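Please open the structure in your viewer and keep the selection tool at hand. The tour below proceeds by selections, one stop at a time.

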Amino acid sequence: VNDPQLVILDEPTDGVDPVGRHEIRDVLIAMRNQGRTVFLNSHLLGEVERVCDRVAIMLKGKVVRQGSLAELTQESCRWRVTVRGALPAWSAEFGAAMIERDRSFIEFKSDDESLVQHLIDRLRAESIAIIGVTETRESLEDLFIRLVRDGDGRAHAVGAGPSLRAGGSQ
């Protein structure tokens, strides 16, 4: 295919077996890492998440959202901090607290990493053993479905086909 700086692909992994999908994904990532621009049109949103730096979501022929995956899913960012034993009473100010056997969890919605650091600092100051810190965000598929259901393309409260275009340029 010569040595293109711009590659435009329509559903490159549709109908391809898992091994072939993996090989195609590796080629696309290598092209991106070489500084090439790859436009990828796909309904396989999990594939898009693995390959693309930036995504544009189209509804009814119009781009309604675009940005990096982190930007697009920022409002759905949730944190779960797991500690050994019980939580201190003050932990409720951060979010929902749960207890499961010998572990406790604090879960809260925030895209502010400094809030997570503040919580960790307070837990450490009380010598509470932190077992894990996990960040979760809605998937690209969940975001897409939410936008389609809203119908207007605007992001609303996070809950939980058509065309999605993604670019892999750096």
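The stops that follow cover a sheet, several salt bridges, a surface patch and the nonpolar cores. Please bear in mind throughout that this is a predicted model.

**First stop: the sheet**

Select strands S6, S7, S5 and S8 and display them as a cartoon. In that order, the four strands make up an open sheet with antiparallel pairing. Which strands stand at the edges? They are S6, at residues 96-100, and S8, at residues 130-136; each has a single partner strand, so one side of each is left without a neighbour in the sheet. Neighbouring strands here are turned against each other by 15° on average, direction ignored.

Now restrict the selection to S8 and to S5, which spans residues 78-84. Six bridges join these two strands in the antiparallel sense. Within S8, select Val-133, and then select Val-81, which stands opposite.

**Second stop: salt bridges**

The next selections concern charged side chains. Side chains of opposite charge can pair when their charged atoms come close. How many salt bridges does the structure hold? There are nine, and three of the pairs are visited here.

Begin with Asp-53 and Arg-32, whose side chains meet in a salt bridge with an N to O distance of 3.6 Å. Asp-53 is found in the loop between helix H2 (45-51) and strand S3 (54-59), whereas Arg-32 belongs to helix H1 (residues 18-33); the pair therefore ties together parts that are 21 residues apart in sequence. Is each partner buried or exposed? Asp-53 has a relative accessibility of 26% and counts as partly exposed. Arg-32, at 13%, counts as buried, because buried means under 20% relative accessible area.

Proceed to Glu-71 and Arg-54, which form a salt bridge at 3.6 Å, N to O. This pair links distant parts of the chain, with Glu-71 in helix H3 (residues 69-72) and Arg-54 in strand S3, 17 residues apart. Glu-71 is partly exposed at 46% relative accessibility, and Arg-54 is partly exposed at 42%.

Then select Arg-146 together with Glu-138. The closest N and O atoms of this salt bridge are 2.6 Å apart. Arg-146 counts as buried, at 8% relative accessibility, and Glu-138 is buried as well, with a relative accessible area of 8%. Add Glu-75 to the selection: salt bridges that share partners join Glu-75, Glu-138 and Arg-146 into one network.

**Third stop: a patch on the surface**

Select Leu-6, Ile-8 and Phe-39 and switch to a surface display. These residues make a nonpolar surface patch of about 320 Å². Leu-6 lies in strand S1, at residues 6-10, and counts as partly exposed at 46% relative accessibility.

**Fourth stop: the nonpolar cores**

Finally, hide the surface and turn to the interior. In soluble globular proteins, nonpolar side chains tend to be buried together. Select Val-48, Cys-52, Val-55, Ile-57, Leu-140 and Leu-143; these have the most contacts inside the largest nonpolar core, which has 17 residues. Which elements give two or more residues to this core? They are H1, strand S2 (37-41), H2, S3 and helix H5 (140-150). The largest share, four residues, comes from H5.

Apart from this core lies another, of 14 residues. To find this second core, select Val-81, Val-83, Leu-119 and Leu-123, which are among its members. Val-81 was also met at the sheet, where it stands opposite Val-133 in S8.

Methods
Residues numbered from 1 in each chain as written. Predicted model: local features only at pLDDT ≥ 70, side-chain atom pairs only at ≥ 80, totals over all residues. Heavy atoms only, no water. Pairing = 2+ DSSP bridges. Axes fitted to C-alpha atoms, helices over the stretch in contact; angles between N-to-C directions. Salt bridge = Lys/Arg side-chain N within 4 Å of Asp/Glu carboxyl O. Buried < 20%, exposed > 50% of the residue type's maximum accessible area, 1.4 Å probe, protein only. Patch = residues over 30% accessible without salt bridge, like charges linked within 9 Å, V, L, I, M, F, W, Y side chains within 5 Å. Areas by Shrake-Rupley, 256 points an atom, 1.4 Å probe, with all protein chains shown as cover. Core = buried A, V, L, I, M, F, W, Y, C linked by side-chain atoms within 4.5 Å.
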